[in-house]
Amino acid sequence: LMLRVGVLASGRGSNLEALLRWQEAGILHAEVAVVICNHRGAAALEVARSRGVETCVISYPRTDPVERERAQALVLEALEARRVGLVVLAGYDRVLVPGFLRHWAGRIINVHPSLLPAFAGSLHAQREAIEYGVRISGCTVHFVTEEVDCGPVISQAAVPVLEDDDEATLSARILEQEHSLLPEAVRAIADGRVRLNGRRVMVRVE
Ligand code: GRF
């Protein structure tokens, strides 16, 4: 049985694209059932449409808490209506409300462009890594909990920060790793090899 995945995205959609490539290669016991974006201009929508994946736009301002509750209730409904079993945040630039996260607890993951807990909560984790002078950065896939970017870690990849890196070159080097780290995590969850047990990630090795 295929695990039905709902992807939330706000931007470019390269992680979505990577996931769909793994799906098309037939190596995932999972399928993206719907892609939900919070604005019409998200390139991720075109990534989904061009591959025949259903899309949905539910927009709301970043700053209005009432609108956020209302909109995220609609997102939850849209996911439930498609019998989604796993929610993947792939560059979704909105903080999710507690009710939403409680509903999907243990069934929602995120990819972040740093070795968490370094640069948690940052929308410019790669730039901050350079400014900080770290020599090693990377990316993390983790279960999402109410504390932003602080949920239990599923997997990480380390990436060197080079002497002449700028935000763009470091971001590209990290992104390349994200593109296999995220699909691999989805595959492991779909296969039942990774799950959340309370605050701990349980991994079954075969
Ligand atoms: C990635 O860097 C991801 O780590 C972060 O947002 C970016 C999304 O990129 N959460 P894309 O839309 O998947 O290309």
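Let's start with a cysteine: the sulfur of Cys37 sits 9.0 Å from the closest cysteine sulfur, the one in Cys56, and that's too far for a bond. Cys139 tells a similar story, because its closest cysteine sulfur, in Cys150, is 17 Å off, again too far. For a disulfide, the two cysteine sulfur atoms have to be within 2.5 Å, and by this rule the count is zero. Both cysteines are tucked away from the surface: Cys37 is buried at 0% relative accessibility, and Cys139 is buried at 0% too. (Buried means under 20% relative accessible area, with a 1.4 Å probe and protein chains only.)

A quick word on what you're looking at: this is a predicted model, where local features need pLDDT of at least 70, side-chain atom pairs count only at pLDDT 80 or more, and totals for chains, interfaces and linings use all residues. Residues are numbered from 1 along each chain as its sequence is written, and side-chain values use heavy atoms, leaving out hydrogens and water.

Now follow helix α6, residues 167–190 (helices are DSSP runs of H or I with at least four residues, numbered from the N terminus). At its start, a side-chain oxygen of Asp166 comes within 3.1 Å of the backbone nitrogen of Ala168. From first C-alpha to last, the 24 residues of α6 reach 33 Å, close to the expected 34 Å, which is 1.5 Å times one less than the number of residues.

Partway along, α6 has a kink of about 25 degrees centred on Glu178; the bend is the angle between axes fitted to the seven residues ending there and the seven starting there. Glu178 is also one of the helix's buried residues, along with others including Leu170, Ile174 and Pro183. Just after α6, Gly192 takes a positive phi of about 75 degrees.

Definitions and conventions:
Buried means under 20% relative accessible area, exposed over 50%, partly exposed in between (1.4 Å probe, protein chains only). Helices (H or I, at least four residues) and strands (E, at least two) are DSSP runs, numbered from the N terminus. A polar contact is a pair of N or O atoms within 3.5 Å; within protein, one must be able to donate a hydrogen and the other to accept it, and residues adjacent in sequence count only if both atoms are side-chain atoms.
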